Amino acid sequence: MKRAALLAILLLASACSRTDPAAQFAAAQKAFAAEDYAAARTQVLSALDVDSANRDMLLLYARTQLKLGDGDGAQATLTHLEEAGFTSAELVRMKAEAAILRGQPQAALNLLGQDNGAETWRLRAAAHSALDNAPAALEALRRGLAADPRNFALVHDYAQFLISAQDYPAAGKAVETLRQLAPGRLDTLMMAGTLAAQQGKLEAARKSYGAAADAFPARVEPLTALASLADMEGQVDAAQLIVARAAKIAPSHPEVIDLSVQLASEKGDWETVRKTLASQEATLDPRSANAMSYAEALLRLGHPEQARAMFAQALLLSPQNPYARIMLAEAQLAVGDARSALRTVQPLSDSVLAGERELDLAVRAAQAARDPSAGALLARLKSPALKVNQQLAKAGQAALARQDWPAALAAFGQIPGHENDGEVLRRMALAAARAGQVDAALGYADRALELAPRNADMLHTAALVRLEAGRDRDQMLRLMKEASRLDPANHLFRADLARAVAGGG
């Protein structure tokens with residue numbers, strides 16, 4: 001064969017094996033439309049390997065990066081487009097979204113400038129949320145919806161905000177709008193499931209999440225939601241099987257990691273917890289579930305001093321967290337500081353809601369410290385009344401979960417000493433408020449606040465019953481702001497403060 005003919009054949013073979021960028025781009029667009037953003041990214045990257053300067057491909061690549069939460073990658077892609085001379089209003093909004101993902105919300109607000117489009121208002125809301133300014137976030141969402149009440153992304157974010165605020169009637173209306181706009185979208189199905197789960201309607205939540213899992217087999221979110229439901233119902237083994245399915249799709253997805261840690265903790269597999277989170281130790285939020293699971297793993301694996309430091313920080317930042325309080329006391333006892341352990345657990349063991357775990361820990365701490373309260377604590381632990389009180393507490397909590405307000409009030413009201421227990425009164429205040437018993441709700445809430453005037457939960461509840469009843473606006477705002485000041489990371493407090501400032505709507 002002549003050399004020229006051989007060269008032609010080799011060139012033809014090379015061309016045939018080369019990626020067809022148009023076909024890859026079309027496949028990427030199809031995957032993006034189907035909300036399979038990981039596949040879209042893979043496909044468009046293949047197309048860009050051949051046609052690296054294609055503006056439309058680069059824009060799609062940036063969109064997939066934003067959908068996947070890759071703010072740094074999106075910023076690099078958008079900068080490349082700008083340097084190539086491309087400018088547009090959409091590119092500015094995309095840069096703002098990338099800035100939010102990169103932890104630069106103020107830069108995002110600066111980029112958005114005076115643009116008053118619906119999508120811009122949605123991004124402003126996200127930036128204000130990142131700045132812990134919930135009132136401004138709610139105002140931005142409302143202004144965006146006023147500009148375009150059928151903007152899917154805006155309605156979705158508004159529904160999410162309302163669920164965070166536990167304003168379920170309003171959230172239900174927003175979810176219904178999502179169903180009207182796009183009944184089959186992943187976000188619609190997931191938001192409907194989230195609302196149902198928050199209201200204790202687990203079968204409805206399972207149905208919605210199941211539909212999402214069937215329709216979007218490449219996404220992990222429906223599977224992790226189904227696993228969480230199984231875990232809520234005590235089906236830990238079933239939950240782990242579902243998480244394993246999700247891990248095959250995206251093993252490093254944050255929700256997959258979080259649930260894997262949570263389930264391993266529940267099964268006492270502390271070595272798995274430690275190995276999973278060890279590389280993240282320096283960046284864990286002390287208040288997060290992962291941080292406290294990691295701290296407990298250290299305690300159970302023989303590192304009590306390190307665990308004590310972590311739980312102490314968690315309780316300092318979130319003083320109403322009972323798990324952090326119990327585990328700090330456990331760690332203090334493990335290092336031989338029994339007197340501190342007794343002081344730490346006392347707010348829980350003194351409560352009429354105290355169960356066997358709290359009382360047993362208090363007994364062990366009191367005995368080790370040779371404290372005279374040990375005898376009385378042991379008597380409570382062994383008292384037949386303990387089991388009865390626990391049954392009433394569980395019945396009351398279950399009634400709250402299924403929104404059976406009269407049953408909740410009846411159960412909690414039968415617990416001896418409830419009238420002098422702030423936490424029981426707080427729960428009764430919420431039940432009475434939802435049952436329309438405004439005066440009773442205010443009485444319970446104010447008595448709880450009188451018993452614990454510096455407790456953020458009590459401040460929030462006293463404010464919330466006034467907010468929902470439309471009473472004492474000035475006092476309501478003062479109480480709500482103080483609760484948020486004491487627990488600034490609490491999403492519910494922030495959302496309710498926003499509603500309070502906006503007038504409760």
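In this predicted model, Ser-340 is buried, with a relative accessible area of 13%, a value that falls under the 20% cut-off for burial. Its place in the chain is helix α21, which covers residues 338-349. The side chain of Ser-340 also has a partner: a polar contact of 3.1 Å links it to the side chain of Arg-343.

A second point of interest is the pairing of two helices, α10 (residues 152-164) and α12 (residues 186-198), whose axes lie 11 Å apart and meet at an angle of about 15°. Because this angle is under 35 degrees, α10 and α12 count as roughly parallel to each other. The crossing of α10 past α12 is left-handed. On the α10 side, the contact is made by Phe-152, His-156, Ala-159, Gln-160 and Ile-163, while α12 contributes Asp-187, Thr-188, Met-191, Thr-194, Leu-195 and Gln-198. Sorted by character, the residues of this contact comprise five nonpolar, five polar and one charged.

Turning to helix α27 (residues 438-451), Leu-451 is found here. With a relative accessible area of 36%, Leu-451 is partly exposed, since this value lies between the 20% and 50% limits. Beyond its neighbours within four places in sequence, Leu-451 is in contact with Glu-419, Asn-420, Asp-421, Gly-422 and Leu-425. For one of these partners, Leu-425, the separation in sequence from Leu-451 is 26 residues, and the C-alpha atoms of the two are 9.8 Å apart.

Methods: Residues are numbered from 1 along each chain as its sequence is written. This is a predicted model: local features need pLDDT of at least 70, side-chain atom pairs count only at pLDDT 80 or more; totals for chains, interfaces and linings use all residues. Side-chain values use heavy atoms; hydrogens and water are left out. Helices (H or I, at least four residues) and strands (E, at least two) are DSSP runs, numbered from the N terminus. Buried means under 20% relative accessible area, exposed over 50%, partly exposed in between (1.4 Å probe, protein chains only). A polar contact is a pair of N or O atoms within 3.5 Å; within protein, one must be able to donate a hydrogen and the other to accept it, and residues adjacent in sequence count only if both atoms are side-chain atoms. Axes are lines fitted to C-alpha atoms, for helices over the stretch in contact, and angles run from 0 to 180 degrees between N-to-C directions. Angles under 35 degrees count as roughly parallel, over 145 as roughly antiparallel, 65 to 115 as roughly perpendicular and the rest as oblique. A crossing is left-handed if the near helix is turned anticlockwise from the far one by less than a right angle, and right-handed if clockwise. Contact means heavy atoms within 4.5 Å. Ala, Val, Leu, Ile, Met, Phe, Trp, Tyr, Cys and Pro count as nonpolar, Asp, Glu, Lys and Arg as charged, and the others, Gly among them, as polar.
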